[in-house]
Amino acid sequence: MSADEPYLTSADLAELLNEPEKRLRRWHHTGFSRHFGTKDGHNVRYSARDAAGTAVARDLVALNFPPPLAARIGASVVHDDPEADMVLVGSPADIAMINAPPGSGIATDRTVWRVPSQSRATISIPVGRLFTEITRRVAMRGSS
């Protein structure tokens, strides 16, 4: 199974990320839909890559990043399969400056999002571990 195959429903994604489905739907409608998920009639299907990007974006939203900015960063850092030891490290301003890889098709908007300024601490998100764990769990789910 490919990391890009739309396989998961929103309920599957909620279970995988241990988040309430209602919260995932709210994020979907507040900016995640531009970067994660594929419409399938009235439903949305998610790939393992979408799930990993959503996990990264979830961590950024928890740090007060605006959902559209968090989703763009999450999609950008998992666009190419990240190495298992890759860690996203930097200040909120540094992380907000992450752009999509050229030719990735990830939309960059003209809006300048406000970065959370109350924290000058360094943010550290284990992107590689999240990607590896989520793709493993999705593969196990698909094989059973």
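A salt bridge is a side-chain nitrogen of Lys or Arg within 4 Å of a carboxyl oxygen of Asp or Glu. The model is predicted, so local features need pLDDT of at least 70 and side-chain atom pairs count only at pLDDT 80 or more, while totals for chains, interfaces and linings use all residues. Residues are numbered from 1 along each chain as its sequence is written, and side-chain values use heavy atoms, with hydrogens and water left out.

**Exercise 1.** Find what R49 pairs with, and place both partners in the chain.

Solution.
1. R49 forms a salt bridge with D81, with 2.8 Å between the closest N and O atoms.
2. This pair links distant parts of the chain, 32 residues apart. R49 belongs to helix 3 (residues 48–62), and D81 to the loop between helix 4 (67–77) and strand 3 (88–90). Helices (H or I, at least four residues) and strands (E, at least two) are DSSP runs, numbered from the N terminus.
3. R49 has a relative accessible area of 13% and is therefore buried. Buried means under 20%, exposed over 50%, and partly exposed in between (1.4 Å probe, protein chains only).

**Exercise 2.** Describe the salt bridge between E133 and R136.

Solution.
1. The N to O distance is 2.5 Å.
2. Both residues lie in helix 6 (residues 127–143), three residues apart, about one turn of the helix.
3. E133 is partly exposed because its relative accessibility is 32%; R136, at 40%, is also partly exposed.

**Exercise 3.** State how many salt bridges the whole structure holds, and which residues form a network.

Solution.
1. The search finds seven salt bridges.
2. Salt bridges link E19, R23, R58 and D59 in a network.
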